[in-house]
Each structure stands twice: as structure tokens, then as C-alpha cells.
Amino acid sequence: MRALLSLSRLARRLPASLAGVAAVRAPAPVLLRHLHADGSPPPPQAPPPFVSRVLESDPSLNPGEEPQPSSDPALDEFLARFVAAFRPLLTAAFPDHDRPVLDEMLRLVADAVMCRLTGADPGPDAVDLSDELWAAVWEVSASVRDGMRRDQVRADLRHYLHCDEVKEMTRFAVDVGIRGAMLRELRFKWAREKLEEVEFYRGLDKMRAEATADPAPAPVPRLTALPQRKGEVKFSMYGLDMSDPKWAEVAERTAEAEAHFVPAEAKAVEGKAKKAEGMLLSVDPRKGDPVPAMEEWKEELRPKRVDWLALLERVKTRNVELYLKVAEALLAEESFDANIRDYSKLIDLHAKANHVDSAERILAKMKEKGIVPDILTFITLVHMYSKAGNLEKAKEAFEFIRKEGFKPDLKLFGSMINCYINHGEPVQAETLIKSMSNMSIKPTREMYTDVMRAFAQRGMSDAAHRIYSTMTFAGIQPTPELVTLRIESYGRTGDFENACSVFEQMRKSGHEPDDSSISAVMAAYMKKNQFDRALDWLLKLEKEGIKPGLKTNLVLLDWLSMLQLVLEAEQLVQKIKKLGEEPIEVHVFLADMYAKSRHEEKARRSLKILEEKKKLLKVDQFERVIKGLLDGGFSEEANKYYKMMKSCGFEPSETTEVGVKARFGVRGGLRPTGRHRG
């Protein structure tokens, strides 16, 4: 506001009539000295009439005259808004001045702004405004310009809200159920987009007009004869010689590629073709044959590849099994033009469904047609054969991938590692883990755990310890499960000293020992038949508040049954029953113990329970029951469980088979004498 005080210098240029009026109504002598500093005032005269576009644009500044037509409406609107916005600033700066004085000040400021905007000569009587005053003027001008822009945008939006395109989209939105505030926002959004589009083309028209406004170039002289040309016509584009014949071949190949990649529209299925498609969809994939319906559909529609693909999508939506059968039949169809992706996709679907025979059949058809399987197909085969347990074929596909220079990913390595483990070759799985480290692929914790579990189950304690060290060196922190696997590996070899040592290390590291780790230590003691030391160690744990669980009790029951401690074993069985459900291993141990100790009635009770749950029995459990029956002289029961073992799909060991055949030479078997009935 301080910048506006410099307007007091403008009073020297005021007409005498306005100065006289100001002298009468403004008692402050300071203003009078500014207005009459050069001498006595001249006699009052009528001020010469002046014409100002500012006063024309503001009726309040010139109420006695009729408004003149404006030659530039935008400029007149700007001046009118500028006067309306600048007047309150003058009024606040000079509260003691009359309106005519303020009007004259405003006219002088507006004329200076007018000259600056239009570039006109201000004349000798023009007033020079200070820099501070110009800063205030430009600030007001910027706000006026922004206001005009906002009003113009609002007016345009109101116009385009009622254009045909916005109305049509609004009707569509109403038809689909859009109402209320969301519909209002969409209308304004569409109107704004229409406005932006119009402004864009308006800018292009302006640029075109500016370009055509340039002086016309000199006319090109007219040729009267063509020049003589030697050689072939040559032209270049982006530095390339496009007259070379090779570009014609490139254009042809590009057109062929576009025919494959640009999707075409499928034909409409109507009439007899639709009826044939209905017959195809109703075919039972397990009993029926879809080929006759496909032939009828083909004869009626004359399809191309895009039509066959559309049919496959519809079949897949209805029945996946039928889709697999139809897709396989289409591989031999000429109009379908099957490529390598069709074969690999079908092989992948069969592999995910564990249809190994079907996948191999598709692969054989692929090779018969002369299509060489690619890397993606071999990756699918590795996963399929690994899941099916076919190690040889999985290795063959995996080696092909590596020979082709393709770097297997983590998932591919994981499939091969699991295949080696399931096939009983954990050493080869460990070799794969080492090769992963050499290829800068970090094995996961799950991979290490699976390999270590395989070593532990086979009693390969050194290999398990090696995997444990490798994993720790790779920065993977050991978990209680891994420590338990180490203890289990020592337990299977009977190394109870190392088992106890690892057990104590686990406790010192802050991990609470679980039932699995305790049972593994007990198994190590049992392997070396250190019964007294095992009981002392177990009693020590109970004093420290660590109670054995189900697994530990099962190991102890197994031990007691082998030692033929019937009473102690029965007491332990009662303790196990109190913990919850009775595992099937309990009756395996009891049947073996009762048969060897010749407690016939008790043995038959356990055998009856095992017969009811025969599907849960494993190979080693069948072997143990049969061996116990043979040792106790129950030849008929041994032969019965021998046949039961074979019916469950297990192959008996040579020792068991020889023992059963030797003992069952006499009908009825050997009956033990003096056996207990209780």
C-alpha cells in the first residue's frame, strides 16, 4: 500500500476545476500545496473534454456520455476489470480525496497501462509512474488476467456441457445406472476434455495462420524439359538407401508378420455350424469322440486359425478335459496351422495335470512333424518328470537345457533337487546346490533343509553336518528344525555322544528342545543299547522340567518291546493313551512283542487292529510284524500278513519271503508249546 502513495504526484496534472473542487472539500493544506505549488490558480474554466477508453469502459467514470462501441472487446473488458480492481486501492490510499480526483488519478494510471500494453506513444504530458507503483499495477493486472481466464474457462465449460457428444455420453452413463455426484463429475470431465481438444486444434489453426502469413516464396521456375538421368533412381530415408531391392523383401516379411500378430475377428457361428458346436460341447471326453462333430463344424463354417482358437476358448470354458482332447485333434488340422507354442502349451497342461503319458504322446507328435522342442518345452518336461519321479528323463531334459546355454532358474533347480531326494540320491542333490553357488544363484533355506533331512533319514551324519556348515557359511541362520535334523542323523547312526552334544548346544543357544530332538537322542542310545544311560538322561530332563512327548514314548516303547519287557511296555502304553490318540506304531510294537513272547490273545488283538488299518502300514512295519510272528511260531498269521503286504503294493524283502515260505511248509504251521493266553 505504501507504493500507492506516489500517486500524489499525479495531482499536479489535474484540471483546474477538479483541483478547485478538491480544495473546497479537502481541508488538508498538504494536498493544496501539491496542487498549487507553481503560483496562484488560473481562473476557473471549463475543462476540455477528453476521450478515454477507460472511462468509456466504466460508466461510473463518465455518466453523462453514451458508451462508444469498442474496437477490442477483450481489451475493454480488461480495462473495465482493472479499473474496478484498482479503485479500492486508490480509495484506501487517499481516503480524504473526492471521487473526481480519484477518477482522474485512475484515468492517468489506466492511460499509462494502456500505452504500455498497446505500445502507443504516451505523449509529452504523460505521467511517469514509479517502480513501486508499477509493481502494484502489474500485480492487479495479473489478478485481472487470471480472473478473465477463469471466467472464459467457465463459459466454455458451460457451453460444452450441452454439446452433442457430452449429451450422448451422459445418456449412456444414465442407461448403465450412474447417478448423482458421480454423473456430475463425469459430465464436467467430458466437457473439460472437449475443451482441451478444441483448444488444441485452435492452437494448430493459429500456428497454420502464422505460417501462411509469412511472405510467399519466390515462384519456382517452370521446367521445359526433363533432365537426362543416368543409372537407377535412388532415394534415402533416415540415412538408409531405400532403393535397395532388399527393402521390398523386408516389406513382404513385415506384412506376413503382421498377419500373424494382428488379431483377426472370428466368424459368427450360426445355423448348422452352431448346431454342430452344440454337439461337440455335449461329447463326453472319457467315452465319446469329438472328431465327427469337429468335421461337421469345419464343413459348415470353413474356419481359419482364428476361428479354431475361438472354438477352443469356448470348449475350455465348458470342459477342460474335452478341451485337451479337441486341442490334440487340432494339431493335425491343416487349417489350424499348429505351431510350436500350441504343442508346448498342450504339454504344459498335461504336465500340470500329471498326465505323463499324454504329455509324452504330444511330444512324440511334435517330433514327428519335424518341430524341435524349445527351451520352454524342456523346462516343462523337467518339472513333469521330477514330479512323477522319473529321474532319468528329468536328468536328460535338464542336461539339454544346460547344454543349450540356458541358465536354469531357482524353480528348475528346486525340481531337480526334489527329484534326486525322492529317488534316494541326496549326494547328487548336494552337488546341484554347489553348482548353484558357482552360478551365483543362492539356494533357499528349504532346499538346504530338504537335502539335510534326506541325509538325516539315511543316517549320513557327516553329510548332514556338511550341509549344516555350508548353510551357515552362506549366511542362513540355523533353525531348531535343522538342529533337530542333525541330532536325528546322529541318532540313526547310534552316535549318542554327538547327539547329546548338539542337544546341549541347542539349549545353550536359547532354543527350547522339542519332542523330536529328545526322541532322536533316545534313538541314538537305543542304537547302542545303552538303556541305563538313556533312562538317566531322560530322568535328568524330567527333573529340569522337560517332559517327553509322544515321539519319545514311542521310541521307548519300541525299545521295551525289543527287550521283551512286557509289563513296562504295557504301562507305557497306558501313558501314551492318556496323551491322546493312539498311533498305529503302538500296535506294531505290541504285536511284535506279544508274538515273540507268545501271548496269543494279546497278539491277536493287536493284529486285528492292524488289519483294520492295513492301508496305513509301511514296508518296515509289515516286515517287523511278519518277523515277529515267524519268531513266535505263528506261521498262518505270518503268511496272512505276507499276502496282505503284497496286496497293498509292497514288495517283501528276500529274508521275509524265504522265512515265510520255509515256515509254511507244513499246513497249519508250527504251534508253540506252553504259550501264554493272558
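# Notebook: a helical chain and its pocket

I started with burial: 39% of the 678 residues in the protein chain count as buried. Note to self: this is a predicted model, and I read everything below with that in mind.

**Overall look**

I checked secondary structure next and got 32 helices and 2 strands for the protein chain. For the surface, I have about 41,700 Å² of accessible area, with 54% of that belonging to carbon and sulfur atoms. Then I looked at contacts in the protein chain with a separation of 6 or more: residues 24 or more positions apart account for 63% of them.

**The largest pocket**

I went to the largest pocket and noted a volume of about 1,300 Å³. Its lining has 27 residues, and the closest to the centre are E488, R492, A523, V555 and D620. Which elements give two or more residues to this lining? I wrote down helix 20 (445-457), helix 22 (480-493), helix 24 (515-527), helix 26 (550-562), helix 28 (584-597) and helix 30 (619-632). Helix 22 gives the most, with 7 residues. I sorted the lining by class too: 12 charged, 9 nonpolar and 6 polar residues.

**L550, in a pocket-lining helix**

I picked L550 because I was already looking at helix 26, where this residue lies. L550 comes out partly exposed, with a relative accessible area of 33%. Leaving out residues up to four places away in sequence, I find L550 touching D515, I576, L579 and P583. I followed up on L579: its C-alpha atom is 7.3 Å from that of L550, and the two residues are 29 apart along the chain.

**L572, one helix on**

L572 sits in helix 27 (residues 566-579). Buried or exposed, I wondered about L572? The relative accessible area is 8%, under the 20% cut-off, so L572 is buried. Beyond its neighbours within four places in sequence, L572 is in contact with N553, L556, L557 and L560. Those numbers took me back to helix 26, which spans 550-562. I looked up one of these pairs, L572 and L560: they are 12 residues apart along the chain, and their C-alpha atoms are separated by 9.2 Å.

**H587, in helix 28**

I moved to H587, which is found in helix 28. This histidine also counts as buried, at 8% relative accessibility. What does the side chain of H587 join in a polar contact? I found the side chain of E582, at 3.4 Å. E582 is also on the contact list of H587, along with S606, I609 and L610, once residues up to four places away in sequence are set aside.

**T170, back toward the start of the chain**

I went to helix 7 (residues 164-175) for T170. T170 has 14% relative accessibility, and since buried means under 20%, T170 counts as buried. Where does its side chain reach? I have the T170 side chain at 2.6 Å from the backbone oxygen of V166. Past the neighbours within four places in sequence, T170 is in contact with L183, R187 and W190.

**Two loop residues with positive phi**

I finished with backbone angles. Most residues other than glycine have a negative phi, so I stopped at N354 and S440. Phi of N354 is near 65 degrees, a positive value. I placed N354 in the loop between helix 14 (340-352) and helix 15 (356-368). At 48% relative accessibility N354 is partly exposed, because the exposed class needs over 50%.

S440 has a phi near 60 degrees, also positive in a residue other than glycine. This serine is in the loop between helix 19 (426-438) and helix 20. I checked whether S440 is buried or exposed, and the relative accessible area of 69% makes it exposed. Helix 20, which follows this loop, is among the elements that give two or more residues to the lining of the largest pocket.

Note on methods. Residues numbered from 1 in each chain as written. Predicted model: local features only at pLDDT ≥ 70, side-chain atom pairs only at ≥ 80, totals over all residues. Heavy atoms only, no water. Helix = DSSP H or I, 4+ residues; strand = E, 2+ residues; numbered from the N terminus. Buried < 20%, exposed > 50% of the residue type's maximum accessible area, 1.4 Å probe, protein only. Contact = heavy atoms within 4.5 Å. Areas by Shrake-Rupley, 256 points an atom, 1.4 Å probe, with all protein chains shown as cover. 1 Å grid on protein atoms, 1.4 Å probe; cavity = no way out; pocket = protein on both sides within 12 Å on 5 of 7 lines; lining within 4 Å. Points joined across faces, edges and corners; volume = space filled by probe spheres on them. Nonpolar A, V, L, I, M, F, W, Y, C, P; charged D, E, K, R; others polar. Polar contact = N/O pair within 3.5 Å; in protein donor to acceptor, adjacent residues only side chain to side chain.
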